[in-house]
Amino acid sequence: MKRYSALLALVFVVFAAPRIVHAECHLRSGDKIVLYGTTDDPDVFIWDSRFRLRDYAGGSFDEMNALLPHAVLARPGTRAVVESCVSNFVQSKYFTNTDDAIGVRILNGPLNGQRGWVLGSSTRGIRPR
Amino acid sequence: MTAFLAIAVVVAVQGAFATRASLAQTFARQSDIVQAQLALEEMRRLQIDAESSVRGYSLTRDPFYVQQYANVEAQFDQHAATVRATLSGAGLTGAVRSLDDYIALQRNWRTKIADPLLAHPGKDVTLIDKRNKAFTDFENRSVQLIRTSLADANDRLARTAQEQVNVNAYSRAFWLIVLGLLAILLNGFRSRLVTELEEERTTTETLQRAFRSEAAPLPNCEVGSAYLAASSHLAVGGDVFDVYRLSDTLALIFIADVSGKGVDAAVLTAFIKFTIRGIALRRRDPGAMLAEFNTAFSQTVENPYLFVSMFVGVLDTETLALRYASAGHDSAFIRRSSGMMQQLAVTGPVLGVMEEPFETKTLHLEDMDTLVLATDGLTEARDRSGKQLQEAGAMRLIGASNAQPQLLADEVVAKVRTLGGNELRDDLAVLAIRVHEAEADDEEV
């Protein structure tokens, strides 16, 4: 009986848990995307850490100067592939809505091959789920 | 009911004006907010134009972009002042703080991004681009906060306007329904009251017509009479007179005025008329008639507040001798053929008050003398200033009237009506009897 219980727990950990963690993510690992900010300002920051991404989105302008060396600026239309997704990880300082942190690897342009983290709202899926 | 209708109209009109004023104020504030929203979007557009101008100059070094940059920055400041005034006026302090942040960021961008790029357009712009992007991100956050604040304010105003309309409409409708129901109830009550009064009046008048006032033809006499009911909104009174032949030469003449009004008084007139007639068939002395009637009245009528003033006369149409007694009835006059007026004295108290003897007096009438009897509607008639006619005024009025009895009675009634401006507070009965000397029989001649 103990053996079956342990087996069931293992199956749950292997298959169900990751799906729960990423249940509300808009993207999944392997998705091809294009980076695009807003219409007014389509450039996209790529951060070296998802925590700095979160600090930048939720921080003040004064904190921005210290964070900026840890970001590179990608031109709109830069292609990338999703490597990970953390749902609702980024909380704005002023707004109640949250955003996903997307781990990406750049597939073209001057930043080709570079890895980093972007906001979920700064991505456009090439292959919609 | 008119008051209820007037109040209902006032409530409706006042409600309409209140709603209009409230909505006008709300729409004015909404208009201000929409203007602020437009100005904010214009600021956002100018901000992008400024960034584009700096980029354009950095890439082309065309001085056109420098001038364009200067223009859009000047316009940006103008719109910022407009939006700030609107937000302050609307009491949106949070939005004002966000606008101040936005303006500060834009000025910061000018000194740290725009001015260095315009001064050194060929410089490596990698770091500047990153900072430019950061400025834009933070400015976007401030603008988004202001947008949200303005949209919320707009929604609140819309809700407030709707609530104001609802409250006004429901409250006015409630009061109009209440007032309308009250008016309907009052109108129903009033109609019922009027109907009841009319029915009572009709009954009373029917009774009076049946019981009152007969003036039988008498030998050697001309008889005239008139009756004027009080104004229609008042109940009819208990005036009664009678001219009744007791024998070939004797006639019973009486006039009475019952205190009170309405059906009770009218019924009492019947009692008076037939009781006096009955007594007069047995007795010829007017004082004795009144005394007997007084006893009968006190034993019959249980209402202690009812009493009667009465003049009773027995006229001998041959000798023209008038024997009379007066129970508190002072409106009895003789108009002599010469035109001189004489008031007949009261010979006892009003009936129904106390057991007292009534004196009988005898008066010899001359040819063409007229006995004029009236109820207190004559002496208590008031002119428009409220002054009563009294006995003296009544005698003047009778003396100035036509000598023919019927014309005299009609004229007296008409003058009393005119005196009060067609408003008569009490019923008025007038009985006039002009006597003639008996002509000698042909056989005797």
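These notebook entries record what I looked up about two pockets in this structure.

**Entry 1: the model.** I note at the outset that the model is predicted.

**Entry 2: the largest pocket.** I began with its volume and found about 780 Å³ of space in the largest pocket. I then listed the residues around this space: 29 line the pocket, and those closest to its centre are A:Thr38, A:Leu119, A:Ser121, B:Asp137 and B:Arg141.

**Entry 3: elements around the largest pocket.** I asked which elements each supply at least two residues of this lining. In chain A they are strand E2 (44-47), helix H2 (50-58), strand E5 (98-106) and strand E6 (115-119). From chain B, helix H4 (126-211) joins them. I recorded that H4(B) gives the largest share of the lining, 7 residues.

**Entry 4: character of that lining.** I sorted the lining residues of the largest pocket into 11 nonpolar, 9 polar and 9 charged.

**Entry 5: the second largest pocket.** I turned next to the second largest pocket, which holds about 300 Å³ of space. Its lining has 23 residues, and I noted B:Asp257, B:Phe307, B:Ser309, B:Asp376 and B:Glu380 as the closest to its centre. The elements giving two or more residues to this lining belong to chain B: strands E3 (237-245), E4 (250-261) and E5 (308-316), with helices H7 (376-379) and H8 (390-399).

**Entry 6: shares and character.** Which element gives the largest share of the lining of the second largest pocket? I found E4(B), with 5 residues. By residue class, I entered 4 nonpolar, 11 polar and 8 charged for the lining of the second largest pocket.

Terms used: Residues numbered from 1 in each chain as written. Chains lettered and ligands numbered in written order. Predicted model: local features only at pLDDT ≥ 70, side-chain atom pairs only at ≥ 80, totals over all residues. Heavy atoms only, no water. 1 Å grid on protein atoms, 1.4 Å probe; cavity = no way out; pocket = protein on both sides within 12 Å on 5 of 7 lines; lining within 4 Å. Points joined across faces, edges and corners; volume = space filled by probe spheres on them. Helix = DSSP H or I, 4+ residues; strand = E, 2+ residues; numbered from the N terminus. Nonpolar A, V, L, I, M, F, W, Y, C, P; charged D, E, K, R; others polar.
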